[in-house]
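Me: Please take a close look at how the helices in this model pack against one another. I would like a careful, step-by-step account that explains each term as it comes up.

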Amino acid sequence: MTISIVATQYGEPADSLAAVQTPVPEPGPGEVVVRVTAAGVNPFDAKQVRGQVGNDPAKLPLRIGGEAAGVVHAAGTGTEVSPGDRVVVYPATGAFAEYVTAPAPNVHAIPDGLDDGSAAALLLAGVTAADILATLGATGDDVLLVHGGAGAVGAIVTARAVAAGATVIATASAANHDYLRGLGAIPVDYRGDLAAAVDAAAPAPVTAVADTVGSDQAIDVSLALVPADRIVSIAAWGRTGDGIVVVGGSTEESRRHRREAVPGLLADAAAGRIVVEIAGSYPLAETARALEAVSGPHPRGKYVVRP
């Protein structure tokens with residue numbers, strides 16, 4: 001038997017999650033069963049449990065967790081992995097579990113040099129960052145303003161844009177400014193007069209904006225700097241009427257950007273060009289605590305759950 005964490009109702013994680021026992025799954029054709037060694041924790045997971053992205057009772061019990069790393073346990077026909085292979089599963093369904101089953105295209109080899117925790121926490125944020133940059137068509141000629149540059153997505157946007165030769169101005173609290181300098185960005189504090197701070201920091205006019213925050217302050221400042229179609233956000237859904245572009249993996253173009261980014265992200269992480277910081281680790285039985293932690297103020301980096 002194996003243990004999975006599911007939501008039996010919608011509400012606060014401590015009240016809603018339960019551990020259930022099921023037989024170890026067997027793969028069907030084109031499927032892979034992975035023994036999970038680490039699962040990435042994301043704010044979306046907590047929103048699912050709380051019913052903030054849909055609360056259909058028919059979907060209960062709800063399996064949660066969208067990314068995991070582990071070892072292939074069994075592979076069905078038509079797959080190209082073997083038992084014992086180290087892999088990352090993204091996108092995953094029900095990653096907060098001892099075993100997870102996924103279609104073969106969602107199972108990716110972990111390169112040498114990349115540990116399981118970092119692999120488990122990389123891809124959801126990484127493909128989102130890649131989608132932002134691809135949608136912007138960002139190049140080394142851009143002066144890119146990144147709102148939320150020290151967050152999981154913003155840090156990867158920043159690192160990849162800098163690597164491409166762009167000048168990056170990134171917003172964060174003062175406590176994260178040295179971190180942003182280490183990524184090659186020019187840090188600015190989002191508190192106070194953000195427009196004035198960006199103007200003072202920018203060595204040349206801003207040409208594009210990557211927004212991971214979604215606040216009215218971030219969007220208002222951005223609209224004063226660049227045309228609306230040069231602002232790509234993952235959070236400002238309420239401001240699409242201003243003409244900005246919001247991406248969320250819901251269009252074929254957005255999904256293509258995300259699929260195509262996976263091999264490069266894994267290679268960059270293995271080579272140290274992207275560093276995935278782990279803020280903390282929780283045992284599988286304490287998944288509710290992990291979801292509560294990711295929902296509020298927390299240290300820089302990602303949380304992982306380890307069976």
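**Two helix crossings**

Reply: Helices H3 and H4 are oblique to each other, because an angle counts as roughly parallel under 35 degrees, roughly antiparallel over 145, roughly perpendicular from 65 to 115, and oblique in the rest of the range. H3 covers residues 116-136 and H4 covers residues 152-163, where a helix is a DSSP run of H or I with at least four residues, numbered from the N terminus. This is a predicted model, in which local features need pLDDT of at least 70 and side-chain atom pairs count only at pLDDT 80 or more, while totals for chains, interfaces and linings use all residues. Residues are numbered from 1 along each chain as its sequence is written, and side-chain values use heavy atoms, with hydrogens and water left out.

The axes of H3 and H4 come within 8 Å and cross at roughly 55°; such axes are lines fitted to C-alpha atoms over the stretch in contact, and the angles run from 0 to 180 degrees between N-to-C directions. H3 passes H4 in a right-handed crossing, that is, with the near helix turned clockwise from the far one by less than a right angle, whereas an anticlockwise turn would be left-handed.

On the H3 side, the residues that meet H4 are Leu122, Ala125, Gly126, Thr128, Ala129, Ala130, Ile132 and Leu133, and their partners in H4 are Ala152, Val153, Ile156, Val157, Arg160 and Ala161; contact here means heavy atoms within 4.5 Å. By class, this contact of H3 with H4 has 11 nonpolar, 2 polar and 1 charged residues, where Ala, Val, Leu, Ile, Met, Phe, Trp, Tyr, Cys and Pro count as nonpolar, Asp, Glu, Lys and Arg as charged, and the others, Gly among them, as polar.

A second crossing can be read in the same way. Helix H2, residues 43-50, packs with helix H9, residues 287-295, at an angle of about 110°, and their axes are 8 Å apart. H2 and H9 are therefore roughly perpendicular to each other, and their crossing is left-handed. From H2, the residues making this contact are Pro43, Asp45, Ala46, Val49 and Arg50, and from H9 they are Leu291, Val294 and Ser295. The contact of H2 with H9 divides into 5 nonpolar, 1 polar and 2 charged residues.
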